[in-house]
Amino acid sequence: HRGNVKGPVVDQGTTMAKFLHLGFTLPEVIRLSTLGPAQLLGREGALGTLRPGTGADITLFRVVDGEFALTDSEKRTEQATRNFVVTHTVRGGTIVKEPNHSA
C-alpha cells in the first residue's frame, strides 16, 4: 500500500468516491468499506460494526459535490461529481481528528 498513498489509491475516502462514481449507492459503498473487509478478514463480529461492546473506531465523512479527478491503477482519470471528506475520526472511543473550524 505504501506505493499508493500518493496515488492512485490515496485514501479510503477517495476509494469510496471511485465506487460511488461507478454507480454504487451510498449504502453499498459504506457496506463495502466497512462490513465487507471485516467479513473477508473473518472479523465481522469485531470490525465493521457499531454493535454495542465493539471498539469505537469510526471515521465520519461528508459527501461533497463538485468536480473531482479520480485516477485508477491503470493511470486512467475520470471526472467525478462527488467525493468524501473526513470530518471526524474516532479511535477507541476517543476523537483523534476534528474539523479545523478556523478555515
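**Exercise 1.** Determine which helices each supply at least two residues of the lining of the second largest pocket.

*Solution.* H1 and H2 each do so. Helices here are DSSP runs (H or I, at least four residues), numbered from the N terminus, and strands are runs of E of at least two. This is a predicted model, in which local features need pLDDT of at least 70, side-chain atom pairs count only at pLDDT 80 or more, and totals for chains, interfaces and linings use all residues. Residues are numbered from 1 along each chain as its sequence is written, and side-chain values use heavy atoms, with hydrogens and water left out.

Next, consider the shares: H1 gives the largest, four residues. The lining consists of Gln12, Thr15, Met16, Phe19, Val29, Leu32, Ser33 and Pro37. By class, five of these residues are nonpolar, three polar and none charged.

**Exercise 2.** State which residues of H1 are buried, and what they pack against.

*Solution.* First, H1 spans residues 12-21, and Gly13, Thr14, Met16, Ala17, Lys18 and Leu20 are buried (under 20% relative accessible area, 1.4 Å probe, protein chains only). Second, the buried residues of H1 pack (heavy atoms within 4.5 Å) against helix H2 (26-33), strand E1 (58-71) and strand E2 (77-91).

**Exercise 3.** Describe what is found at the start of H1 and what follows H1.

*Solution.* At the start, a side-chain oxygen of Asp11 reaches to within 3.3 Å of the backbone nitrogen of Gly13. After H1 comes Gly23, with a positive phi near 110°.

Notes: Buried < 20%, exposed > 50% of the residue type's maximum accessible area, 1.4 Å probe, protein only. Polar contact = N/O pair within 3.5 Å; in protein donor to acceptor, adjacent residues only side chain to side chain. 1 Å grid on protein atoms, 1.4 Å probe; cavity = no way out; pocket = protein on both sides within 12 Å on 5 of 7 lines; lining within 4 Å. Nonpolar A, V, L, I, M, F, W, Y, C, P; charged D, E, K, R; others polar.
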